[in-house]
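Reader: Hello! I have just opened this model and would enjoy a close look at a single part of it, the sheet and what surrounds it. Could you walk me through that part in one connected answer?

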Amino acid sequence: MGRKPGYDMKKVATIIGVLASHPDGLWLRRIAREAKLHHLTVAKYADSILKPLIEDTSLGGPKPLVRVIKLKPVVLEKLAEGKDIQKIMKLLHTMSELE
């Protein structure tokens, strides 16, 4: 029996928890270290399922040296209000479809 297909919501919650505790943002490898995940896993999640929730800044020219990731201010506000992560993701996905 292998791994279930799709994204692991525990990993998503862990990454969001790390980012919520650092509202100014962190570089990708630091997020991975604090979340106890592999840096490629964090990069994959940041490029896919977390894309509507984060602001991603790459520093260092054509081949980025450092990738700084932080939660969007809207997401931080909703988390402070006590909203569920899946509801926030659904709301932001709907908003991005309207644009």
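**The hairpin and its sheet**

Author: In the hairpin of β2 and β3, six residues lie between the strands, and G60 takes a positive phi near 120° there. Please keep in mind that this is a predicted model. G60 belongs to the loop between β2 and β3, and this glycine is partly exposed, its relative accessible area being 42%. Its C-alpha lies 20 Å in space from that of A32, and the two residues are 28 apart in sequence. The loop between β2 and β3 also holds L65. L65 is exposed, because its relative accessibility of 73% is over the 50% cut-off. Leaving aside residues up to four places away in sequence, L65 touches L59 and G60.

From the loop we can step into the strands themselves. Strand β2 covers residues 54-59 and strand β3 covers residues 66-71; the two pair in the antiparallel sense, over six bridges. Two of the pairings are handy for finding your way. E55 has K70 as its bridge partner in β3, and D56 has I69 as its bridge partner in β3. As background, strands of a sheet pair through backbone hydrogen bonds, either parallel or antiparallel.

The hairpin is part of an open sheet of three strands, in the order β1-β3-β2, with antiparallel pairing. β1 and β2 each have a single partner strand and stand at the edges, so one side of each is left without a neighbour in the sheet. On the β1 side, two bridges join β1 to β3, and these strands run antiparallel. Helix α1, residues 9-21, packs on the sheet and touches β1, β2 and β3; its direction makes about 90° with that of β3.

What do the side chains along β3 do? They alternate: R67, I69 and L71 point to one face and are buried, while V66, V68 and K70 point to the other face and are not buried. Setting this beside the pairings, I69, the bridge partner of D56, is among the buried residues, whereas K70, the bridge partner of E55, is among those that are not.

Now for β1. This strand spans residues 26-27, and L26 is found in it. In β3, L26 has I69 as its bridge partner; I69 is also the bridge partner of D56. The C-alpha atoms of L26 and D56 are 10.0 Å apart in space, with their positions 30 residues apart in sequence. L26 counts as buried because its relative accessible area of 7% is under the 20% cut-off. Not counting residues up to four places away in sequence, L26 touches V18, I31, E34, R67, V68 and I69.

After the sheet, a few neighbouring elements are worth a visit. Helix α2 is the place of R30, a residue that counts as partly exposed at 27% relative accessibility. The C-alpha atoms of R30 and S58 are separated by 15 Å, and these residues are 28 apart along the chain. The loop between α2 (28-35) and α3 holds K36. K36 has a positive phi of about 60° although it is not a glycine. For context, most residues other than glycine have a negative phi. K36 is also exposed, with a relative accessible area of 75%.

Helix α3 leads us to the largest pocket. Residues 39-47 make up α3, which gives the most to the lining of this pocket, with four residues. About 190 Å³ of space lies in the largest pocket. Its lining consists of R3, K4, P5, G6, Y7, D8, K11, L40, T41, K44 and Y45. By type, the lining residues divide into four nonpolar, two polar and five charged.

To bring you back to the sheet: β3 stands between β1 and β2 in the strand order, and I69 of β3 is the bridge partner of L26 as well as of D56. If you would like a place to begin on screen, select I69, then look for R67 and L71, which point to the same face of β3 and are buried along with it.

Notes
Residues are numbered from 1 along each chain as its sequence is written. This is a predicted model: local features need pLDDT of at least 70, side-chain atom pairs count only at pLDDT 80 or more; totals for chains, interfaces and linings use all residues. Side-chain values use heavy atoms; hydrogens and water are left out. Two strands pair if DSSP finds at least two bridges between them. Buried means under 20% relative accessible area, exposed over 50%, partly exposed in between (1.4 Å probe, protein chains only). Contact means heavy atoms within 4.5 Å. Axes are lines fitted to C-alpha atoms, for helices over the stretch in contact, and angles run from 0 to 180 degrees between N-to-C directions. On a 1 Å grid over the protein atoms alone, a cavity is a set of points where a 1.4 Å probe fits but cannot get out, and a pocket is an open set with protein on both sides within 12 Å along at least five of seven lines; lining residues have an atom within 4 Å of a point. Grid points are joined across faces, edges and corners, and a volume is the space filled by probe spheres set on the points. Ala, Val, Leu, Ile, Met, Phe, Trp, Tyr, Cys and Pro count as nonpolar, Asp, Glu, Lys and Arg as charged, and the others, Gly among them, as polar.
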